[in-house]
Amino acid sequence: MIPEEQLVVGIIDDSIHTETPHGRALQRIVRDLEAYDIFVADVASPAEARTAYSNLPSVSCVLVNWNLGNRSAEQQQDTLRLIRQIRSVNEDLPIFLMAEPTDEPPIGLTVDIIKTVNEYLYVMEDTPEFIAGRITAAAKRYQDRLLPPFFGELVKFSKDFEYSWHTPGHAGGTAFRKTPVGRKFFDFFGEQLFRSDLSISVGELGSLLDHSGPVGEAERYAAKVFGADMTFFVTNGTSTANKIVFFGRVTKDDVVLVDRNCHKSAEHALTMTHSIAVYLIPTRNRYGIIGPIPPDDMTPAAIKKKIAACPLTKGLKDKTPVHAIITNSTYDGLCYLAVDVEKELGKSVDSIHFDEAWYGYARFNPLYKDRFAMRDGAKDKKGPTVFATQSTHKLLAALSQASMVHVRNGRVPIDHARFNEGFMMHSSTSPLYTIIASLDVSSKMMDGPSGRLLTTESIEEAIRFRRTMARVSKAIEKGKAKTDWWFPMWQPDTVTDPKTKKKIPFSSAHIEMLRDNPSCWVLHPGESWHGFTGLPDNYCMLDPIKVTVLTPGVNEDGTLAAWGIPAAIVVKYLDTKGIINEKSGDYSILFLFSMGITKGKWGTLITELFEFKRRYDENAPLDEVFPDLVERWPDRYGGMKLQDLVAEMHAFKRNHNMCGLLQKAFSLLPEPVMPYAEAYRKLVKNEVEQVPVAKAANRIVATGIVPYPPGIPLLAPGEKTGPKTGPVLQYLLSLQDFDRRFPGFEHDTHGIESVKGEYMMICLKEKTR
């Protein structure tokens, strides 16, 4: 194992362990490097080197023998590819090329390769000690430049071993070590975490609140990497980042255009700013998957009509919308053509806020060209100011709660000092420095070619999984049993080869074609797989790394088939195997292929899906599949088999038209009676009461009602529930009845409390209305 602080040098040479003049010279160089406390990792071939280098990111310098195996120039393509691969991954890593001394560069070397390497080494000419010194110097220079602004200063400060006379009170972990439980806590996380947990009193590290010193430098570096005019680090998640943007752009009685497919934090921001929401309604397909807002709903005429129709705007002196918030990508991975959204919405508002919480990686891969906020060349002084809020921790590499606000100024530019007032209202004076450092490191990781490499790896792994699932489905379809089944994928059945213009099965498409051509993922009009209608071509694209596995049971028209397998049962089974999905619908399961996903992980997922199929097909006893379920509710599930539970649950959903009720409930916009802020005021004043859903007809809710899935407000604060026979209450009652019928599979509905199996919601008292 390599010590944490030790520099690593890689040597790629098949003669390093031979008793030849060249081999012995290398061995002497290695001994001298080790005398400088350098760890040397040696490999003997380009093939081994490619694997070794990809698994050894700590290497600080690489030596490559141009004449590996004394091959001819025609046979040196592997070495060329290796050098290019190393450079494509890391622009700054020192590469030393070892060759024989001649009057000219070695045979076969092109000008491009000569420019790619940093130095030539002639191991037989200079002394081993001198060569080892040059290698060590290059490795140290590389390491000194490696760390980004804030993290570099944090590491430097932690090495000073200063006594702490400031907060936090644990003083580098000392306080924790004074009790047995504290010692356990200290040992679990390690000393370095506590030594880097510092106070704003440490002036050398700057301040998050006034963006000074290394913190400010790190934010400016992140702005460069992410393509923004300015960037703000947020240490308590994109829920707070969204509120910061609202506090910088929106105030009392301002009209805001709000994607109904918005995060709950947007609801909170509307409440806190006392602003008025006018909703843009997204589409929805047969699986309940949320699609984009149709472009026709974003035109100035459509927006003017929506504002005029909203009861809450009737008494406003100024009904001009000031801001818009759009979720991009959607939680199911649908990405807008952001260029078109900005162009259309920019005719109505001066600022557009893209909630890109799940989409911070888009800038770093050409597959997503024009589908994200901070695009190169997008700056337009006559266009809207554009914000992007990103949960860096979700799909990039950062600690939980690490988020960023990116700003691209337009015709109404953001003044940093004024915007910072809103930022400070939502930021602690005692931020966790490790979160700030993780944001800084994440920026560095995505800078240069490594950003594209990391995103490409995620895309490729997702594609491999998707193709494997499609091939399994194809193989099962060709089997003898007509009743056999598999898990369909929500993805194109066929794709068009850009070269031949011919359609080919998705399962047969080359990975390079699927990786490099956005058209393979676009929701093209007329294609049945995606289930959306009325969208222009190229307006919306499915993100390949957000993978939706379907379960059988949904017909093409959205009705439920006679036979099906509800996703909740598959999700519970996978949970017993240690596989946790991101979210699920009635007959869909979403998996995220982040940078941490490996072939082993998705291979295990496929294996467990096969295992579920086997257990279902053999109709295994439920106490074998879900022993905890049977043990907790023996009267309900005792003696049942897996097919019994699946059939009963599917029949319940079908007979109660749960999918149809969901569609109807979310396709209608409830009547708003009062702004969010007024509903919240009544909540605080206790002018509210708990009401059973069964008796909540035409009541006004004080809190949002948000079923998961899909995670969209069914009712927002201050909205009416509608009649008892209406789709909103009927859908909630169907969820209540389902939860009673299938304990252990209860729904998660924010704003609803289940009291002895009865759904309760908080409504305004009748006399206060």
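Ala-388 sits in strand 12, which spans residues 385-390. In this predicted model, Ala-388 counts as buried because its relative accessibility is 0%. Setting aside residues up to four places away in sequence, Ala-388 touches Phe-354, Glu-356, Ala-373, Met-374, Met-404, Val-405 and His-406. Ala-241 lies 147 residues from Ala-388 along the chain, and the two C-alpha atoms are separated by 9.3 Å.

**Salt bridges**

The structure holds 36 salt bridges. One of them joins Glu-342 and Arg-375. This pair links distant parts of the chain: Glu-342 belongs to helix 13, while Arg-375 is in the loop between strand 11 and strand 12, 33 residues apart. Both Glu-342 and Arg-375 are buried.

Glu-460 and Arg-515 also meet through their side chains in a salt bridge. Here too the pair links distant parts of the chain, with Glu-460 in helix 17 and Arg-515 in helix 18 (residues 511-516), 55 residues apart. Glu-460 counts as buried because its relative accessibility is 15%. Arg-515 has a salt bridge with Asp-516 as well. Asp-516 is at 40% relative accessibility, so it counts as partly exposed. A network of salt bridges links Glu-460, Glu-461, Arg-464, Arg-515 and Asp-516.

The N to O distances of these three pairs are set out below.

| Salt bridge | Closest N and O atoms |
|---|---|
| Glu-342 and Arg-375 | 2.8 Å |
| Glu-460 and Arg-515 | 2.7 Å |
| Asp-516 and Arg-515 | 2.8 Å |

**Aromatic pairs**

A search of the whole structure finds 31 aromatic pairs. Phe-232 and Phe-419 have ring centres 5.0 Å apart and planes at 50 degrees, so this pair is tilted. Phe-232 lies in strand 6 (residues 230-234) and Phe-419 in helix 15 (residues 416-425), so the pair ties together parts that are 187 residues apart in sequence. Phe-232 counts as buried because its relative accessibility is 0%. Phe-419 is at 2% and so counts as buried.

Phe-465 and Trp-602 form an edge-to-face pair, 6.1 Å centre to centre with 75 degrees between the planes. Phe-465 lies in helix 17 (residues 449-477) and Trp-602 in helix 20 (residues 599-617), so this pair ties together parts that are 137 residues apart in sequence. Both Phe-465 and Trp-602 are buried.

One aromatic cluster is formed by Trp-485, Trp-486, Phe-487, Trp-563, Tyr-573, Phe-610, Phe-612 and Tyr-616.

**Charges over rings**

Arg-177 lies over the face of Phe-186, at 5.0 Å from the ring centre. The charged end of Lys-653 sits over the ring of Phe-738, 4.8 Å from its centre.

**A nonpolar surface patch**

Phe-185, Phe-188, Phe-189 and Leu-193 make a nonpolar surface patch of about 410 Å². Helix 7 (residues 180-189) gives the most to this patch, with three residues. Leu-193 is in helix 8, residues 191-195. Leu-193 counts as partly exposed because its relative accessibility is 31%.

**A loop serine**

Ser-348 is found in the loop between helix 13 (338-345) and strand 11 (351-355). Ser-348 counts as buried because its relative accessibility is 16%, and the cut-off for buried is under 20%. Leaving aside neighbours within four places in sequence, Ser-348 is in contact with Pro-300, Ile-303 and Pro-321.

Conventions
Residues numbered from 1 in each chain as written. Predicted model: local features only at pLDDT ≥ 70, side-chain atom pairs only at ≥ 80, totals over all residues. Heavy atoms only, no water. Helix = DSSP H or I, 4+ residues; strand = E, 2+ residues; numbered from the N terminus. Buried < 20%, exposed > 50% of the residue type's maximum accessible area, 1.4 Å probe, protein only. Contact = heavy atoms within 4.5 Å. Patch = residues over 30% accessible without salt bridge, like charges linked within 9 Å, V, L, I, M, F, W, Y side chains within 5 Å. Areas by Shrake-Rupley, 256 points an atom, 1.4 Å probe, with all protein chains shown as cover. Salt bridge = Lys/Arg side-chain N within 4 Å of Asp/Glu carboxyl O. Phe/Tyr/Trp six-rings, centres within 6.5 Å; stacked < 30°, edge-to-face > 60°. Lys NZ or Arg CZ within 6 Å of the ring centre and 35° of its normal.
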